[in-house]
Amino acid sequence: MALAPRPSLVMSHGQGSWLYDEDGQCYLDFVQGWAVNCLGHCPEPVIAALRAQAEALLNCSPAFHNRPALSLAEQLAQSAFGGQVLFASTGAEANEGAIKLARKWGAARGAFEIITLQGSFHGRTLATMSASGKPQFKPLFEPKVAGFTHVERFDLAAVEAAIGKRTVAVMLEPVLGEGGVWPATVEYLQGLRKLTSERGLLLILDEIQTGMGRTGSLFAYQEAGIEPDIMTLGKGLGGGLPLSALLATDAVCCFEPGDQGGTFNANPFVVAGGLAVLQTLQQPGFLAGVRARSAQLVAGLEALSTRCGLGSVRGRGLLLALELAPDGRQPPVLASRVVSAARQEGLLLNAPTATALRFMPALNVSEAEVEQALVRLESALSQAR
Ligand SMILES: *Cc1c(COP(=O)(O)O)cnc(C)c1O
């Protein structure tokens with residue numbers, strides 16, 4: 001069935017920042033499975049962990065503990081804000097769990113409404129599509145799940161005005177990723193934390209795209225000096241494997257057996273891969289490397305934008321966007337055309353909006369590869385024009 005607009009290529013193998021198709025063409029991959037392959041294609045630490053785990057235990061069902069899941073839960077909680085962890089397979093599933101957890105927590109006082117942002121993306125299950133503020137989702141699959149209020153992004157007063165007696169939580173991405181890479185400011189995040197605490201509401205951060213080192217710190221909220229009550233992780237957590245997680249403070253963890261779960265939750269094989277990812281990200285100097293490559297890519301994109309008369313660069317860490325339209329004027333070329341031209345030049349990019357290009361390379365991309373991507377992007381731009 002139609003899943004995504006796909007070119008006729010068939011991908012066959014990958015290594016680090018490079019992806020190869022069946023015809024032997026080779027691509028510098030700055031999409032990396034939509035910010036999933038945080039260590040690039042087929043990273044050695046993940047492969048080694050999977051090999052060992054495949055021979056030890058593939059599955060024992062969530063009815064039993066398994067060692068990799070216990071270790072990863074403990075290490076995630078320790079490196080985040082403590083509390084408890086629930087593993088799932090996809091980001092949408094983790095967010096579905098976050099929504100259910102907030103609703104259960106608020107049920108005693110009849111509160112269930114969650115305030116989310118216009119332009120946000122939280123997944124493609126019915127509830128997470130309903131939570132999302134993506135305009136294209138609006139007419140689809142009616143009737144939606146009730147209980148979500150969408151407010152103007154990054155407007156604290158709009159959140160405050162939307163709070164009612166049925167409100168239980170505010171949920172947002174620290175950087176609106178699919179919406180076009182729009183980062184929330186530190187002041188906004190701090191303001192939201194203060195507001196939600198004062199009003200007895202939960203702050204839910206969807207760090208599915210921003211978490212696991214993507215923004216240059218392990219979790220994006222850490223850059224704002226705040227802590228959420230609930231956080232969801234996905235994408236980079238599994239380094240290419242289907243793994244997501246729901247983290248919550250002890251005060252919020254009110255699920256009882258049967259409330260939430262799934263057959264493949266905390267699957268030892270997948271979780272073993274996640275454990276290898278987290279341990280790699282925590283090696284000394286790893287996140288400093290992300291910040292250095294980010295600075296290099298930002299500087300390169302800004303220089304290119306000046307030379308080619310394009311718009312501004314935005315984002316955090318290695319989740320960046322180049323706006324093709326200079327200050328609200330017409331873009332010289334559509335982002336989707338640049339994406340196709342870049343593929344011809346051997347560079348894989350993504351266009352979250354009609355006028356923006358998104359860059360989400362592997363977090364261990366090399367200096368030379370960033371340089372090479374900038375060269376290929378510039379020729380793609382002139383081809384597309
Ligand atoms: C990708 C994404 C999701 C959905 O994750 P899936 O694994 O596709 O279900 C949810 N929230 C954010 C912020 C995302 O980037």
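Let's start at the surface: Leu126 counts as partly exposed, because its relative accessibility is 43%. Keep in mind that this is a predicted model. From there we can go on to the ligand and its surroundings, and then to the salt bridges, of which the structure holds ten.

**A nonpolar patch on the surface**

- Leu126 has its place in helix H5, which covers residues 126-131.
- Together with Leu140 and Phe141, Leu126 makes a nonpolar surface patch of about 280 Å².

**Around the ligand**

- Quite a few residues surround the ligand, among them Thr90, Asn95, Phe121, His122, Glu173 and Ile208.
- By character, the shell splits into six polar, three charged and three nonpolar residues.
- Helix H4 (residues 91-106) is the top contributor to this shell, giving three residues.
- Asp206 puts a polar side-chain atom 2.7 Å from a nitrogen atom of the ligand.
- Gln209 has a polar side-chain atom 2.8 Å from an oxygen atom of the ligand.
- Lys235 joins in too, with a side-chain N or O atom 2.6 Å from an oxygen atom of the ligand.
- On its own the ligand would expose 380 Å², and the protein buries 83% of that.

**Salt bridges across the chain**

Side chains of opposite charge can pair when their charged atoms come close. Here are some of the pairs.

- Arg199 and Glu160 meet through their side chains in a salt bridge, at 3.7 Å from N to O.
- Arg199 sits in the loop between helix H7 (186-198) and strand S10 (202-206), while Glu160 is in helix H6 (residues 156-162), so this pair ties together parts 39 residues apart in sequence.
- Arg199 is partly exposed, at 40% relative accessible area, and Glu160 is partly exposed as well, at 42%.
- Glu178 and Arg358 form a salt bridge with their side chains, at 3.3 Å from N to O.
- That pair links distant parts of the chain, 180 residues apart: Glu178 is in the loop between strand S8 (175-176) and strand S9 (182-183), and Arg358 is in strand S17 (residues 356-359).
- Arg358 is buried, with a relative accessible area of just 1%.
- Arg193 pairs with Asp229 in a salt bridge whose closest N and O atoms are 3.0 Å apart.
- Here the partners are 36 residues apart, with Arg193 in helix H7 and Asp229 in the loop between S10 and strand S11 (230-233).
- Both ends of this bridge are buried: Arg193 has a relative accessible area of 13%, and Asp229 has 14%.
- Lys104, Glu256 and Asp259 are joined into one network by salt bridges that share partners.

Methods. Residues numbered from 1 in each chain as written. Predicted model: local features only at pLDDT ≥ 70, side-chain atom pairs only at ≥ 80, totals over all residues. Heavy atoms only, no water. Near = heavy atom within 4 Å. Polar contact = N/O pair within 3.5 Å; in protein donor to acceptor, adjacent residues only side chain to side chain. Areas by Shrake-Rupley, 256 points an atom, 1.4 Å probe, with all protein chains shown as cover. Helix = DSSP H or I, 4+ residues; strand = E, 2+ residues; numbered from the N terminus. Nonpolar A, V, L, I, M, F, W, Y, C, P; charged D, E, K, R; others polar. Patch = residues over 30% accessible without salt bridge, like charges linked within 9 Å, V, L, I, M, F, W, Y side chains within 5 Å. Salt bridge = Lys/Arg side-chain N within 4 Å of Asp/Glu carboxyl O. Buried < 20%, exposed > 50% of the residue type's maximum accessible area, 1.4 Å probe, protein only.
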